[in-house]
Amino acid sequence: MAIPQAEFTIGLQCKLCGKIYPKSPVNFCTDDFGPLEVVYDYDAIRATVTRAKIEQRPRTMWRYRELLPLDGPPTVGPQVGCTPLIRADRLAKELGVSKLWIKNDAVNFPTLSFKDRVVSVALSKAREFGFKTVGCASTGNLANSVAANAAQAGLEAYIFVPSDLEKAKILNTSVYGAKVIAVHGTYDEVNRLCTQVAFKYNWGFVNINLRPFYAEGSKTMGYEIAEDLGWRFPRHVIAPMAGGSLIGKIHKSFEELYKVGLVSEAPRTKMYGAQATGCNPITDAVKSGRDRHKPVRKPNTICKSLAIGDPADGYFSKNLIHTTGGWADDVTDDEIVEGMLLLARTEGIFAETAGGVTIAVARKLLAENRLPRDEEIVLCITGNGLKTQDAVEGAVEKPALIKPSLDAFVEVFTGGDMGLPKTYGSAVLV
Ligand SMILES: *Cc1c(COP(=O)(O)O)cnc(C)c1O
Ligand SMILES: [Zn+2]
């Protein structure tokens, strides 16, 4: 007999004091303001899931549905997830490591970032709760994803973003018919405003009152990595950090796979966090041994998607990095661009600035001997470069401009004698 999915989710629990709350659109404990997290009945899940059962299901993130907090089937984003895990040998050679994988969420459906995972859970849950209007505070990718998925679901969407966001990220939100509110201020100020709006109008804000459910969607990135490795865990994972949620959920996903018996060995994966130096509250806390992160008042980096100065899960992600034996670091804007180009030129993957952060931090950790070269490493690429083209515009060659003749081509590219390329990039009409 099929057990209804609702049975697997017990409720919400405060991460600080452990108090249990019923499944409802709330995100903090009324006693101590601690964040709430979904609790599952792992024994019940263990009794029903098997590898074979999961492998028979369609290749979407919903193949792990027993470990997601919906009461019924997903009604938003049913095709999200199961992005490629790529063996990155050419990048591995460049970095000087033996075994490297890229989890490529730059091609996640439908809006080309890992945010489609969290949004499909949050909006499916929003519908279960009966919300007709949804919204978010966003650094860009979340805006795109809420807008697109809300359109598909027929929900009204209010999207709040910092006004200095990349043009492409704003356009990629407005196009779906969402109401976009550009706020003169930092992400943290946008987030505070959204908390007030959510409360006043009783709307479903995916990363505010729906946050406990939303955050669970990130776990699917970890389930997919483990399944695609043949139901086992990598030794090292590097993930970009904004609010610090994704990195924790990837690790939680590994612990859960072990708990419910889908992987027989407990995870020993070390988790590494990556940020931009222009907004590095979590990596700074890790490196300085500070217990609480120091909020960054005015983020200043080309990597806007990670520019959260006061990350909600800063404390937990810092602790996780320490307890797993990993590390964290941050990189400059120039290093971010170099990272984007290195990934594009070795693996043919155009990632957004956050991907440049991950690649450049991997390189830095290797140079600092924080990361061994002979053990398996997974790099999480979370967003698509087509949305942050400005970042690399000044760093790539302009096309060679020639007359439509073979002579002109030969002149520019072979110096007339099939030798080395001569003036490519000069854009001089020959
Ligand atoms: C949101 C985001 C992240 C990280 O999100 P967390 O808030 O740390 O969960 C990473 N990469 C990209 C591209 C993002 O948009
Ligand atoms: Zn509490």
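## A guided tour, starting at ligand 1

Sort the residues of the shell around ligand 1 by type, and you get 7 nonpolar, 6 polar and 2 charged. In this sorting Ala, Val, Leu, Ile, Met, Phe, Trp, Tyr, Cys and Pro count as nonpolar, Asp, Glu, Lys and Arg as charged, and the others, Gly among them, as polar.

Before you go further, please keep in mind that this is a predicted model, in which local features need pLDDT of at least 70, side-chain atom pairs count only at pLDDT 80 or more, and totals for chains, interfaces and linings use all residues. Residues are numbered from 1 along each chain as its sequence is written, chains are lettered from A and ligands numbered from 1 in the order in which they are written, and side-chain values use heavy atoms, with hydrogens and water left out.

**Stop 1: around ligand 1**

Select ligand 1 and show its neighbours. Which residues come nearest among the 15 around ligand 1? They are Lys 115, Gly 243, Gly 244, Leu 246 and Thr 382. A residue is near a molecule or strand here if one of its heavy atoms lies within 4 Å of it.

Now look at individual atoms. Thr 382 has a side-chain N or O atom 2.7 Å from a nitrogen atom of ligand 1. At Leu 246, turn to the backbone, where an N or O atom lies 2.8 Å from an oxygen atom of ligand 1. Add Asn 141 to your selection: an N or O atom in its side chain is 2.9 Å from an oxygen atom of ligand 1. Switch on a surface next, and recall that ligand 1 on its own has 390 Å² of accessible area, of which the protein covers 95%. Accessible areas come from the Shrake-Rupley method with a 1.4 Å probe; for residues, only the protein chains shown count as cover.

**Stop 2: the zinc ion**

Next, select ligand 2, the zinc ion. Its coordinating atoms are Cys 14 (SG), Cys 17 (SG), Cys 29 (SG), Asp 32 (OD) and Asp 32 (OD), at 2.3 to 2.5 Å. Donors are N, O and S atoms within 2.8 Å of the metal (3.2 Å for Na, K and Ca); water is not among the atoms, so sites may look incomplete. Along the sequence, the donor residues of the zinc ion follow the spacing C-x2-C-x11-C-x2-D. Cys 17 and Asp 32 are 15 residues apart and link distant parts of the chain: Cys 17 sits in the loop between strand E1 (9-14) and strand E2 (20-21), and Asp 32 in the loop between E2 and strand E3 (36-40). Helices (H or I, at least four residues) and strands (E, at least two) are DSSP runs, numbered from the N terminus.

Are these two buried or exposed? Cys 17 is partly exposed, at 43% relative accessibility, and Asp 32 is partly exposed too, at 27%. Buried means under 20% relative accessible area, exposed over 50%, and partly exposed in between (1.4 Å probe, protein chains only).

Stay in the loop between E2 and E3 and pick Phe 33. Its phi is near 60 degrees, a positive value in a residue other than glycine. Phe 33 is exposed, with a relative accessible area of 62%.

**Stop 3: two loops**

Move to the loop between helix H2 (51-56) and strand E4 (85-87), where you will find Cys 82. Phi of Cys 82 is positive as well, near 55 degrees, and this residue is buried at 15% relative accessibility. Gly 81 lies in this loop between H2 and E4. Draw a line from Gly 81 to Val 107: the C-alpha atoms are 9.2 Å apart, with these positions 26 residues apart in sequence numbering.

Then go to the loop between strand E5 (100-104) and helix H4 (115-129), which holds Pro 110. The peptide bond from Phe 109 to Pro 110 is cis, with omega near 0 degrees. Phe 114 lies in the loop between E5 and H4 and is buried, with a relative accessible area of 10%.

**Stop 4: a buried lysine**

Select Lys 169 in helix H6 (residues 167-174). Its relative accessible area is 0%, so Lys 169 counts as buried. The side chains of Lys 169 and Glu 352 are joined by a polar contact of 3.3 Å. A polar contact is a pair of N or O atoms within 3.5 Å; within protein, one must be able to donate a hydrogen and the other to accept it, and residues adjacent in sequence count only if both atoms are side-chain atoms.

**Last stop: the domains**

Finally, colour by domain: domain 1 (5-78 + 115-214), domain 2 (85-111 + 218-392) and domain 3 (397-430). These bounds come from an automatic or database domain assignment. The C-alpha centres of domain 1 and domain 3 lie 52 Å apart.
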